[in-house]
Amino acid sequence: MEHGSFTDNSAATFSLTDEDHTIANAVRFTLNQDPRVTFCGYSIPHPSEAQVNIRVQTTGDPAREVLKDACQNLMLMYRHVRCTFDKAVEHFKASNAVKALKIDSQDSSGDDSEESE
Amino acid sequence: MEGASYQRFPRVKIRELKDEYAKFELHDTDASMANALRRVMIAEVPTIAIDLVEIEVNSSVLNDEFIAHRLGLIPLTSQRAMSMRFSRDCDACDGDGQCEFCSVEFHLRAKCISDQTLDVTSKDLYSSDHTVVPVDFTDSAGYESSEQRGIIIVKLRRGQELRLRAIARKGIGKDHAKWSPAATVTFMYEPEIHINEDMMDTLTLEEKQSFVDSSPTRVFDIDPNTQQVVVVDPEAYTYDDEVLKKAEAMGKPGLVEIYAKEDSFIFTIESTGAVKAFQLVLNAIEILKQKLDAVRLSEDTVEADDQFGELGAHMRGG
């Protein structure tokens with residue numbers, strides 16, 4: 001739900017239901033990274049109610065578009081984290097399999113296999 | 001979209017990875033993102049847990065609701081959970097939420113007939129779906145396998161019987177902690193420790209030893225060859241300032257400088273076994289994306305006038 005003004009859509013407060021600090025803080029951080037944003041913050045009117053108000057003020061672009069872009073950027077970032085995590089898991093499993101083979105085949109040699117990054 | 005935002009893309013490096021334990025580093029991101037990931041892993045990744053219990057016979061020493069509560073807390077393997085529907089959203093059943101698409105049925109039958117105490121454990125729960133079973137905690141090494149018999153639900157004496165039917169459903173940790181797939185999820189800032197070598201050289205060996213011993217965790221040690229204080233495990237540092245206070249007490253402030261790198265985090269994840277540790281992270285990211293999609297695509301109803309509406313009243317302090 002957006003609370004703003006019909007004439008000036010560069011500043012608005014977005015009221016999200018069933019949300020809490022989890023995405024509010026992350027979206028607020030991503031909004032701050034956007035150079036079009038002059039002010040952004042979030043508040044939780046009452047801790048017993050699952051409602052978050054996010055205030056966005058921009059340099060002229062519609063606040064709703066800026067918020068959507070921030071959500072999009074956040075999603076891209078997490079998608080990147082997932083890809084990187086997947087690759088890191090595969091890399092880790094592969095290097096562990098190699099290590100296990102090396103330990104089996106080398107009895108007494110004291111070579112340490114390097115942790116390649 | 002004019003004006004690309006200044007966001008950076010994070011990097012991940014895995015330290016340790018076991019079935020139910022993972023330790024990895026996350027670089028180039030902010031604390032709010034790491035915290036969002038942590039909160040979702042604890043509270044919003046769905047799993048399956050027993051939610052409805054129908055007891056036919058219970059002559060044990062524990063009462064019905066006690067046993068039902070314990071059954072709910074048993075972790076069940078929940079690989080199916082992400083693709084399953086919530087019972088309340090299921091349209092295949094008549095609305096009572098007990099169809100095969102949205103729930104899994106279990107039954108338990110135990111009667112003690114010998115003089116020895118019978119332990120009714122999670123291994124006695126029989127599932128209607130072989131992919132959703134109580135988590136098996138037996139060590140794969142297989143030593144003393146007679147000791148690992150599952151989680152004890154209740155103990156029965158001769159003549160006592162327990163017979164029940166249980167329905168397990170999908171849920172999230174926010175509703176009840178039995179649905180939380182994470183045992184603990186923590187992250188810490190990566191510390192950066194600098195030792196002022198010139199100042200350190202002015203200390204005697206005893207002073208160096210007492211400095212090393214002043215830290216509750218083993219962060220520093222004295223190299224036997226060079227008699228120098230070296231950092232042996234920077235991540236054991238728990239951001240207590242004991243070593244800094246000790247340095248000041250010795251009259252040498254600035255002996256060691258410790259910073260927390262603001263964009264580098266070390267995550268430690270322990271799962272209950274319902275979901276594997278690395279799968280937990282992937283599911284958490286998936287859930288975060290779903291939440292962001294919901295925000296992004298919601299049809300906003302614009303309340304244009306700040307004069308009316310609850311939000312206006314709240315902002316006016318009413």
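In the predicted model, helix H2 of chain B, formed by residues 64-72, lies across strands E3 and E8 of chain B and runs at about 155° to E3(B). The two strands beneath this helix belong to an open sheet of four strands, ordered E3-E8-E4-E6 in chain B, in which the pairing is antiparallel. The edges of this sheet are taken by strand E3 (47-58) and strand E6 (126-127) of chain B, each of which pairs on one side only. Between E3(B) and strand E8 of chain B, which spans residues 161-171, the antiparallel pairing comprises 10 bridges, and within the two strands Glu54(B) is placed opposite Arg165(B) of E8(B).

Another open sheet of four strands in chain B follows the order E1-E2-E12-E9, again with antiparallel pairing. Strand E1 (11-17) and strand E9 (182-195) of chain B stand at its edges with a single partner strand each, so that one side of each is left without a neighbour in the sheet. On average, and with direction ignored, neighbouring strands of this sheet are turned by 30° against each other. E1(B) is joined to strand E2 of chain B, residues 21-27, by six bridges in the antiparallel sense, and Lys13(B) stands opposite Glu25(B) of E2(B). The sheet also receives a helix from chain A: H2(A) packs on it, touching E1 and E2 of chain B, and the direction of H2(A) makes about 40° with that of E1(B).

The packing of two helices is described by the angle between their axes and by the distance between the axes. Helix H2 of chain A (residues 63-105) packs against helix H1 of chain A (residues 21-33) at an angle of about 105°, with the axes 9 Å apart; H1(A) and H2(A) are therefore roughly perpendicular to each other. On the side of H1(A), the contact is made by Ala26(A), Val27(A), Thr30(A) and Leu31(A), whereas H2(A) contributes Val66(A), Leu67(A), Ala70(A), Cys71(A), Asn73(A) and Leu74(A). When the residues of this contact between H1(A) and H2(A) are sorted by class, eight are nonpolar, two are polar and none is charged. H2(A) also meets helix H1 of chain B (residues 31-43), the axes coming within 12 Å and crossing at roughly 70°, and H2(A) and H1(B) are therefore likewise roughly perpendicular to each other. Here Leu74(A), Met77(A) and Tyr78(A) of H2(A) meet Met33(B), Ala36(B) and Leu37(B) of H1(B), and this contact of H2(A) with H1(B) divides into six nonpolar, no polar and no charged residues.

In soluble globular proteins, nonpolar side chains tend to be buried together. The largest nonpolar core of the model has 58 residues, and those with the most contacts inside it are Leu31(A), Ile14(B), Met41(B) and Phe267(B); the largest share of this core, 14 residues, comes from H2(A). Once neighbours within four places in sequence are left aside, the contacts of Phe267(B) include Phe24(B), Leu26(B), Leu37(B), Met41(B), Val185(B) and Phe187(B). A second, separate core of 24 residues includes Ile50(B), Ile67(B), Met84(B) and Leu125(B).

Val281(B), found in helix H6 of chain B (residues 277-297), counts as buried because its relative accessibility is 1%. With residues up to four places away in sequence not counted, Val281(B) touches Phe85(A), Phe24(B), Met41(B) and Ile269(B). The C-alpha atom of Val281(B) is separated by 9.0 Å from that of Arg38(B), although the two residues are 243 residues apart along the chain. For chain B as a whole, residues 24 or more positions apart account for 73% of the contacts with a separation of 6 or more. Chain B contains seven helices and 13 strands, and buried residues make up 42% of its 318 residues.

In chain A, strand E4 (residues 51-58) is mostly covered, six of its eight residues being buried. E4(A) is joined by seven bridges to strand E2 of chain A (residues 11-17), the two running antiparallel, and pairs over six bridges, also in the antiparallel sense, with strand E3 of chain A (residues 37-43). Arg55(A) of E4(A) stands opposite Thr13(A) and is also the bridge partner of Gly41(A).

Technical notes
Residues numbered from 1 in each chain as written. Chains lettered and ligands numbered in written order. Predicted model: local features only at pLDDT ≥ 70, side-chain atom pairs only at ≥ 80, totals over all residues. Heavy atoms only, no water. Axes fitted to C-alpha atoms, helices over the stretch in contact; angles between N-to-C directions. Parallel < 35°, antiparallel > 145°, perpendicular 65-115°, else oblique. Contact = heavy atoms within 4.5 Å. Nonpolar A, V, L, I, M, F, W, Y, C, P; charged D, E, K, R; others polar. Pairing = 2+ DSSP bridges. Core = buried A, V, L, I, M, F, W, Y, C linked by side-chain atoms within 4.5 Å. Buried < 20%, exposed > 50% of the residue type's maximum accessible area, 1.4 Å probe, protein only.
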